[in-house]
Amino acid sequence: MHTGYAYLLLGLPLLAALAAWGRLRWRGDGGGGRRADAVVTGLLVAAPVAAVAGLLAPSLGRSHFEPLLSFPLRGEGHAAGVALLVDRLSLCMLAVTGFIGAVVHRYAVRFLTGEARRERFLAWLVTTVSSVQLLLLSGDLLMLAGMWMLVSLALHQLLVHYRERERAVVAARKKFLVSRLGDVAMLTAVGLLFSRFGTLSLPALFDAARGPLGAGDTAALASAGLALAVAAACKSAQVPVHSWLPDTLESPTPVSALMHAGVVNAGGYLLIRLSPLLAEAGSALTLLVILGTLTAGVGMLVTWTQPEVKRALAWSTVSQMGFMILQCGLGAFSAALVHLVGHGFYKAHAFLASGTLSAVVSPRGPAPGPGRALGGLGLGLVSGTAAVLGVFHLVGWTGSGAHAESGTLLLGLILVIALAQAFVPTRAEGGASLWAAAGVLGGLAALAALLTLGAHAFIGPVLGRVPELWERGAVGAALTLIVPALFLATAVFSALLPWLSRQGRAVGLYVHGLNGFYLGILADRLVRWLWPPRSAARS
Amino acid sequence: MASTLSESLAALLGLNRAVQTSMDPGVTPLGAPRPRTSTPAQGLSTEELPGSTPPTMRPDAIVRRVCLAVPPAWPLDSLVATHPFIGLDHLHPVDAHAVLERRLHAPVLPEPALWRPLFERGAFNAEDVRWAVEELRRRGPQHAVARGLEAEALLGLLAGTAPAHPFAPERVLSMAARLDEELGTAFAPAIVADLSKLLATRMDRGVARWAQPLGEDDPGLYTLWWRYACRSLNLEARGVKGFRRWVRALPSTWEAALDSLLPRTTLTGEALEDYLARLLGELQGWAGLLRGEAWSGDHDDPGAVPQLLTARLACDVAVRELLGGRAPGGVLLPQVPPREPPMGPSAQDGLSRFALQLAAEHGFVRRLLPTLAPARTGGVAVHLNLARASRPAVQAMFCIDVRSEPVRRHLEAVAADVETCGFAGFFGLPLAVARPGEENALAHCPVLLDPAHRVQVGEAPRGSWAADVKAVLGAVRRAAVSAFTTVETLGFAAAVPMLAETFGRAGTETSVEPPLDVSSLSSETRLALASKLVDVLPLARPWARIVLLCGHDSTLRNNPQAAALACGACAGHGGGTNARVAAALLNDAEVRAGLAQRGTPLPEDCVVVPACHDTATDEIRLLDVERIPASHREDVERLMDSLKQATAASRAARVAALPGVDAGEEPLEAARLRSRHWAETRPEWGLANNAAFVVAPRSRTRGRDLGGRCFLHDYRAELDADGSVLKLILTAPVVVATWINLQYSASTVAASVLGSGTKTLHNVVGGVGVLLGNEGDLAMGLSHQSVHDGTAPRHEPLRLQVFVEADRQRIHDIIKESPALGWLVNQEWIVLYALGPEGRDVHRYARGLWLREESDLRATLLM
């Protein structure tokens, strides 16, 4: 039963990719083209349906490890290979990426009608979706690393769809180089773990990490953790290797939707999946906290300035991924999963609907003065805190014990601050009464807290538990104060933003933010120097 | 010389010179610039000659002229056609072609390959090509003959047997672009992207949460740029070291900066003009929007365009002064190739392109003319209108839009007692329509006019608890792009619309139109507007029992350029509102009494019914039906039945022309699906393939299939004693239609420069426009998908062929009096024909002459 289910989950993406390449036989919608598209969509839809069935049926959703192939390496007992790990975590992500993949494919079939190289594009699109799904199913680090690379290579083909556009080529190459950097980090981690533990099978590695650890084991886990952190940062567009993400708008809209909702997630998934290995990797986690906070802050500042819809969405992904990486760094892996899922749905929809004027333009109302803005923020903090505390109280969460996840407390604080930020515009736009705003935002805060706690109850068993930030030495203790303070500062700045802008203040910050703090430009120069575009391709 | 030419022409061809006039002194033979002698209504003084620039011309005059050559553009919510060659329409297309190739690197006239499919399917033939060559040779031996324009060579190009034209036009390049060519850098696109970004922040209507703080004191575009450039490290990070210090040394006003910068380009006269036009051409999308801002006040006000030019020029001079040393030879200069002699290879290339243009149009007109001839049954058709036997049951008024023609044709076919007629779809009402939640009232009239009357549609939501929550959720959703927590919680909700939009079937939602409030119009205003309507609407009197006023709109989803498919006469908005207002005015008892007093009473039993034609689905919906009196209900229901049948017939034909529609698909389902699907890029073909404009009574075209390619404007010369109505038609709707025609052509022929590229890369910027991909200039014109089905263009770039049933002398007088029309006609941007009451009495206007088209017509009739 379980074996059959695992094979089904493996088979659907493989069949979808196969069908997508077989579809190249027909050009356009003629002949069997349309039917072939329907078959591909059917297979793509079947994957998330199967995953949801697994999540709902307790018998299917139990963790299951299915070894497929094993290559003996370096003698007896040392093996790596292909294996599937089916559990609630992989099923959750499979359901989301499968859903988004199916929607994006269906969208692209219509959207690219009449486009040159459309069939090839669709085939690579499905290949990308399928390799993400295989990545999610990987039960062996060798397979995971292989899929990790395949995703980026398939995506590269989508990014150079308009190869005659020089900007598209340069952006794709930027992404390509960052991905290879991530590959190096990934392979380093794989090599470190394999040489120490002699296996790449995930359950075996998790067992090893849980068991009594020697000094060598701890060191290997710590350095592998660092390498994994770097790999995740490259995949999830963390500052300073983020600038490929806002630059890759040079390919059709469905690619952006897929990339922002289904591909950048892979970094977060890697960390959540391997969280049992990270308990000893305190410095890696602290690095993630720093990178995540920096990325979230920079991303948010830049997002605020961008007047182009897709550009703002792309920078917002940078910022959101920063937040997600921060969650991982805090050890709040189930919160990170909730974030990945919610963000995936939100961003895929936002990109696909980015041509709807009424949804992307929000006329600016009068700017509230500093007193009113800060008052709004304060009220938001109060109503958010009350709601979150209420939820904690209701579910009996005490901050300790088996059902407590690290980082939840800190995260609850940040969550309230972030939500309070949304309170200011709702008050500034007028019309809405104080009570409605407080009620809605309190409700949202409660919902977020419930989702996070619920997610932890749901997938907690497969996650690792890492030390709280403040338990990780002096740096950790300092960050425990600095990170929420930075978020609070951002929230205050955000509340004052309309007023500041009306007053002509913070002009320097605005100008540099508008340009993404020049990191992308410098990266551009580097890419052009390393890999000069042919002048013939210049548009 | 001109008159001898025309005389010899007439003698040579034995053509009737129906109207003997001395040639307009402004008309010179093809290829030479025409001095502007017309009234300075367009604001250019005679010293500002196009084409050639006197070396003594002052630089500020050159700057002004370059800036006025930028076509105005409009923001997305009122995206209507613009004249893409507005600064060049005093040149002949052949000359404009050479100028545009030099400056914008874009053609005006299509390359021969574009005509090949038309030729192959017989839309025009070898005879047409020969006719075109002859036609050009007739104009003056120094052109066609000396150029060796040979029909056989052109036919070879069409057949693809002759090698493609080896001609590559010489192009003007900025200094930054020169440096990029030499070093393989990307300074020019970087400068364009940087300026573009700044302009986007200035024009932003609320995409960015952080409103640009540099210009709160409204300092003018140049100062804005200066403030920005003093701080931004963008160009320095790209390698323009010392840029900020260089900018700080610039004068503080744009005029002074221009004075300081222009001499540093080392260019003067026409080279300077070409160079500046190139610089502005790199940013023509934004420049157009700036021009559009100033347009409604004064069509000759360049607005902030000169300031933009100053900023762009400053960047280019900065590249020269800061990086010039890296260029080979150590000196960097713009590339401005010397202009060709009048008969240079550019002109030759343009002339052969023009010959094919003429040939293709000749093929079209040759087929259309017999259709426009009155019915064979003698003069009956003509007189039908003058002395009608009976009053029709219904008079249905549609917009002149080419998409109305098929519906009208089918409506008349299914209901013989319905008379249709065509008029600009804003029904003569210059309205500003205010809607709740929108800051400004939107103009519902052509961009050539200013809206004068404000009406309100819909009510602001009341302050209920549910509305409160909705408002908060809306604000949170809009802020979601920059808030973490909301994404996690509200993000899940996005799965539902994604599922519905992607896999859902087309719904049949029937939206109830929001209440209309015309109380803002005083009773005098209402009577005045109604009187005007009664005077201008070309409905035969007495008006029928039911008068249907049918505006049009297009239901589209997720399409930022949707306004381009709505009613152009209503500034890119739905015409239904104008129809509703017109009906409300004309049905008003007080107004009726006033009209009777004025001597233009409407029949007591006449009820005006507003309607809206959804051009995406070809459905016609009657509006404000609850206001129809019970006495008329039954008749209106019959009309609705007829409309249903008529639209079903026109829809079936239209849907079949959409790409990817299976033969088995139900047309209404197919149309609705495409109109409401969020991934659809070709919901309808819009005005693609528009080619002709007929100004005549409907009897001239009734019962004829015009293929949805004709604008139809009703006109009865006998009701227009002083010619003022004709003048209005020729100078307003015809000019607007010409803009539409040229916009579609330019987007087809010069897609990469004058079209807005592929929709797959569209990135809405500031809510005002789209750009392609990451960055760069605002895209202008229509998208690739709007004019191309992926394998072939769906718009045949024919110039607008205008047929007017009116006295030739009167038409000629109007051309002479209206410079804007005069340029279009005399410089051959459109072709004008006068239709006489007799079938064969067709004359073509040719530079002050009326040439009888009899020979062509005969040729057709013999076929």
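In this predicted model, A:Phe517 sits in the loop that runs between α21 (507-514) and α22 (519-530) of chain A. Its phi is near 55 degrees, a positive value in a residue other than glycine. Most residues other than glycine have a negative phi, and most peptide bonds are trans. Two peptide bonds of the model are described here for their cis geometry. In chain A, the bond from A:Val239 to A:Pro240 is cis, and omega is near 5 degrees. A:Pro240 belongs to the loop between α9 (215-235) and α10 (244-247) of chain A. In chain B, B:Arg541 and B:Pro542 are joined by a cis peptide bond with omega about -5 degrees. B:Pro542 is placed in the loop between α23 (523-536) and β7 (546-553) of chain B.

Chain A as a whole was examined next. Chain A contains 22 helices and two strands. Its radius of gyration is 23 Å, and the globule rule gives 24 Å for 539 residues, so chain A is as compact as a globular protein of that length. The C-alpha trace of chain A spans about 65 × 60 × 45 Å along its principal axes.

The interface of the two chains follows. Contact involves 110 residues of chain A and 94 residues of chain B. The size of an interface is often given as the accessible area lost when the parts come together. Between them, chain A and chain B bury about 8800 Å². Carbon and sulfur atoms account for 64% of this area. Of the area that chain A buries against chain B, 9% is supplied by A:Arg110, A:Arg364 and A:Tyr510. No other three residues supply more.

Polar and charged pairs also cross the interface. Three salt bridges are found between chain A and chain B. A salt bridge links B:Asp662 with A:Arg34, and the closest N and O atoms are 3.5 Å apart. The chains share 29 residue pairs in polar contact, with both residues at pLDDT 80 or more. Helix α15 (residues 333-352) of chain A contributes eleven residues to the side of chain A that touches chain B, the largest share. By class, that side of chain A has 59 nonpolar, 31 polar and 20 charged residues.

Helix packing was examined within chain B. Two packed helices are described by the angle between their axes and the distance between the axes. Helix α10 (residues 221-231) of chain B packs against helix α16 (residues 305-323) of chain B at an angle of about 35 degrees. Their axes are 8 Å apart. From α10(B), the contact is made by B:Leu221, B:Tyr222 and B:Trp225. From α16(B), B:Gln307, B:Leu308, B:Thr310, B:Ala311, B:Ala314 and B:Cys315 take part. The contact of α10(B) with α16(B) has seven nonpolar residues and two polar ones. No charged residues belong to this contact.

Definitions and conventions. Residues numbered from 1 in each chain as written. Chains lettered and ligands numbered in written order. Predicted model: local features only at pLDDT ≥ 70, side-chain atom pairs only at ≥ 80, totals over all residues. Heavy atoms only, no water. Axes fitted to C-alpha atoms, helices over the stretch in contact; angles between N-to-C directions. Helix = DSSP H or I, 4+ residues; strand = E, 2+ residues; numbered from the N terminus. Contact = heavy atoms within 4.5 Å. Nonpolar A, V, L, I, M, F, W, Y, C, P; charged D, E, K, R; others polar. Buried area = accessible area lost by both parts, 1.4 Å probe. Salt bridge = Lys/Arg side-chain N within 4 Å of Asp/Glu carboxyl O. Polar contact = N/O pair within 3.5 Å; in protein donor to acceptor, adjacent residues only side chain to side chain. Rg over C-alpha atoms; globule rule 2.2 N^0.38 Å.
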